[in-house]
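User: Please take a close look at one part of this protein, the open sheet, and set it against the rest of the fold.

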Amino acid sequence: MAASGEPCRPGRGEAAAVVVVGSCMTDLVSLAHRLPKTGETIHGHKFFIGFGGKGANQCVQAARLGAKTSLVCKIPHDLLKCFLLLNIKKLTAQEGHVGVKGSDWSDPEALLSIQVEGMAQVGKDSFGNNYIENLKQNDISTEFAYQTKDAATGTASIIVNNEGQNIIVIVAGANLLLNTEDLRGAVSVISRARVMLCQLEISPATSLGALAMARSSGVKTLFNPAPAIADLDPQFYTLSDVFCCNESEAEILTGLTVGSPADAGKAALMLMGRGCQVVIVTLGAGGCVMLSQTEPTPKHIPTETVKAVDTTPSRLVFSVYSCNSRGPAHVTVESLYNRKP
């Protein structure tokens with residue numbers, strides 16, 4: 001991965017079949033028996049930090065299915081600093097080998113300008129390096145993983161209950177700085193792909209630019225409009241070969257209530273009327289509804305009944321994982337967060 005907005009340039013090899021233009025997130029995951037009500041504090045029983053982001057999730061699952069993949073994303077330089085800010089006091093007190101200059105723990109502004117000695121000593125264990133290493137371990141090209149000094153890492157705060165249901169708040173951070181200049185730098189990989197996927201955890205303008213670049217090169221496009229925005233640019237529909245959303249996103253985009261496969265079919269018809277070639281509305285345990293310009297009658301595809309572990313990654317990677325039978329027989333919540341299987 002390269003610094004200051006410049007990607008690294010390894011030797012040219014076989015073109016990636018799947019290119020994802022999207023987000024990398026640090027997932028802060030709490031497991032609890034149930035989800036809290038408004039204003040309520042409850043006890044959880046486990047917490048962990050995972051690798052996530054809608055873009056990274058899709059890319060990892062495509063790689064696990066055997067596709068040669070590449071991720072176009074933006075990650076900040078400050079990942080190591082963020083990690084150290086969480087642990088620096090403990091490290092200083094217990095380890096004695098990390099020195100801190102000019103820090104005032106009562107002043108947040110001072111924390112932002114902290115200088116750390118022994119950086120090379122702990123750098124190999126930094127969260128940022130771990131993220132990139134994790135992508136590489138999942139056989140994903142990081143040639144176009146850009147770095148920036150101008151924003152913090154994107155984060156997702158996630159609470160998961162015993163049934164695998166969740167609530168999520170994201171702060172996109174550096175993901176919003178991925179821009180059209182970065183896309184132009186990655187045109188060689190985007191234009192040679194078989195399919196390009198993107199979402200809305202990066203700026204809508206960048207996602208739209210990626211779709212247009214792929215379409216102009218004859219690359220199939222798949223768009224996941226999440227997080228959904230009601231006033232989505234009409235070009236997103238016309239530039240999407242496959243438009244894949246869940247029921248809540250379909251409601252935001254169409255204004256219709258989606259509580260059944262029949263409702264999903266009506267929403268899908270409205271979305272297809274805006275120019276999509278294929279529309280898929282996922283319904284969680286209810287399967288999905290799909291239709292296309294060539295087969296415009298909504299078709300409900302049920303799914304097998306399973307015990308949900310966490311729907312956070314599963315609903316994001318539906319387009320590349322769907323009903324593939326090669327998934328692991330035993331899955332834990334932690335295993336879903338972009339870890340090497």
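Analyst: The protein exposes about 16,500 Å², and carbon and sulfur atoms supply 55% of that area. This is a predicted model, and 46% of its 341 residues count as buried. The protein has 13 helices and 16 strands. Among contacts with a separation of 6 or more, 67% are between residues 24 or more positions apart.

Now the sheet. Four strands make up this open sheet, in the order 3-2-9-10, and their pairing is mixed. Its edges are strand 3, residues 46-52, and strand 10, residues 166-171, each of which pairs on one side only. From one strand to the next, the twist averages 20 degrees. In general, the strands of a sheet pair through backbone hydrogen bonds, either parallel or antiparallel. Strand 9, residues 154-160, and strand 10 run antiparallel and are joined by six bridges. For I159, the bridge partner in strand 10 is I167.

As for the nonpolar interior, the largest core has 43 residues. Within this core, the residues with the most contacts are V19, V21, I190, M196, F243 and V279. I190 can be followed further: leaving aside neighbours within four places in sequence, I190 is in contact with V19, V21, L183, M196, M213, A214 and V219. V19, V21 and M196 thus appear both in that contact list and among the core residues with the most contacts. A second core, separate from the largest one, has 19 residues, including C24, A62, I75 and A145.

How values were computed. Residues numbered from 1 in each chain as written. Predicted model: local features only at pLDDT ≥ 70, side-chain atom pairs only at ≥ 80, totals over all residues. Heavy atoms only, no water. Pairing = 2+ DSSP bridges. Helix = DSSP H or I, 4+ residues; strand = E, 2+ residues; numbered from the N terminus. Axes fitted to C-alpha atoms, helices over the stretch in contact; angles between N-to-C directions. Buried < 20%, exposed > 50% of the residue type's maximum accessible area, 1.4 Å probe, protein only. Contact = heavy atoms within 4.5 Å. Areas by Shrake-Rupley, 256 points an atom, 1.4 Å probe, with all protein chains shown as cover. Core = buried A, V, L, I, M, F, W, Y, C linked by side-chain atoms within 4.5 Å.
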